[in-house]
Amino acid sequence: MKILITGAAGFIGSHTSERLLAEGHEVLGVDNFRTGHRRNLDAALRQALRFELVEADVAESGVLDSLCARFRPEAIIHLAALVSVQESIANPALNHRLNITATEHVASAAAKQGVRRIVFASSAAVYGDVRALPIDEAAPKQPISPYGEAKLSSESILLDSPAAVAGDCVVRCQRYFNVFGPRQDPASPYSGVISVFQNCYAAGRAPTIYGDGQQTRDFISVYDVARANALAATSARTGLASGVANICTGRATSLLESVRIFSVEYPDAPPPVFAPARSGDIVHSLGDPARARAELGFEAEWTVERALAELIRGA
Ligand code: UD1
């Protein structure tokens, strides 16, 4: 298949590109390199016959229209975004441009070209602070950040588009839980806890645990997320309809548990330092993976132990 990926040079985009190339597809990657890096695509760029990378800003009018007119993709995987929750609070206008306007451009370019499939990077942030676990897709949607609000609006923009409503385009909104793995920028203060911890351990520094470490998250390997994206874009399942689905493992891991796993790989590391819990921090987050399994046949394969060991050895 011919697949256009926005945000291809990012953490999830680069793994998704590699996955699709490995499956034999042809990929056009688009990135503005605001938070993505060309080096993330070194492996993909070696597949020059089936991979092309274009530097462009999909939030700019006309960019996706002309790329779609030239490449004629059968599917678009829309991953380009402002990825930092904190930045979405500090700069709501930029959040709107990168997380909503860009999605509108995806919907209109796809409609003009008759693209049959759109996969959208949504987030568990659409749920906000849900207490009833595991969280399934019917849980209340009460995002607590402009980032989460924009992800929820983007889902509606795509799902309510005339092409999706008519069934001409299948839109799959994938609500990722806590994604981790190689290429998640560890230098960024907004990075997920696993890559922050990895950065500390690799430098011989003690990680800081905010709170008592009993908080839990549904950590999912970026390799599983890339596979879920590829599946949603290419699946030939009859009856696959537009919709939303959690992309998660359904398994909770506490921070103390993650530190225990790290200490197996770094036996001489200093013990973690404890600091007061962050304000606004949620204590537990756990997704229900049943719908992705039923609708896409997707099931996470990487355990946190195995994915962490791979991350550490590859570092
Ligand atoms: C994610 C977002 C966060 C957002 C929240 C709600 C990311 C990286 N974080 O947070 O911005 O507000 O969803 O939508 O996308 N922790 C430590 N030590 C560290 C770093 C983190 O103890 O050095 C703790 C945090 O306080 C938290 C847990 O680890 O309890 C997980 O943190 P994080 O990886 O930021 O993910 P979320 O809390 O899910």
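Me: How far is an oxygen atom of the ligand from an N or O atom in the side chain of Asn-178?

Reply: This is a predicted model, in which local features need pLDDT of at least 70 and side-chain atom pairs count only at pLDDT 80 or more, while totals for chains, interfaces and linings use all residues. Residues are numbered from 1 along each chain as its sequence is written, and side-chain values use heavy atoms, with hydrogens and water left out. A polar contact is a pair of N or O atoms within 3.5 Å, and for the side chain of Asn-178 and the ligand oxygen the distance is 3.0 Å.

Me: How much of the 740 Å² that the ligand exposes when taken alone does the protein bury?

Reply: Accessible areas come from the Shrake-Rupley method with a 1.4 Å probe. Of the area exposed by the ligand taken alone, the share buried by the protein is 82%.

Me: Which residues are the closest among the 18 that surround the ligand?

Reply: A residue is counted as near the ligand if one of its heavy atoms lies within 4 Å of it. One of the closest residues, Arg-217, also has a polar side-chain atom 2.9 Å from an oxygen atom of the ligand. The closest residues are Val-193, Thr-208, Tyr-210, Arg-217 and Asp-281.

Me: Why does the ligand lie between two domains, and which domains are they?

Reply: Domain bounds here come from an automatic or database domain assignment. The ligand lies between the two domains because both give residues to the shell around it, and they are domain 1 (2-179 + 221-248 + 286-301) and domain 2 (181-217 + 251-285 + 305-314).

Me: Which helix gives the most to the lining of the largest cavity?

Reply: A cavity is a set of points, on a 1 Å grid over the protein atoms alone, where a 1.4 Å probe fits but cannot get out, and lining residues have an atom within 4 Å of a point. About 40 Å³ of space lies in the largest cavity, a volume being the space filled by probe spheres set on the points. Helices are DSSP runs (H or I) of at least four residues, and the one that gives the most, with three residues, is helix H5 (residues 92-113).

Me: Which residues lie nearest the centre of the second largest pocket?

Reply: A pocket is an open set of grid points with protein on both sides within 12 Å along at least five of seven lines, and the second largest has a volume of about 340 Å³. Its lining has 19 residues, and those nearest the centre are Gly-181, Pro-182, Arg-183, Gln-184 and Leu-311.

Conventions:
A polar contact is a pair of N or O atoms within 3.5 Å; within protein, one must be able to donate a hydrogen and the other to accept it, and residues adjacent in sequence count only if both atoms are side-chain atoms. Helices (H or I, at least four residues) and strands (E, at least two) are DSSP runs, numbered from the N terminus.
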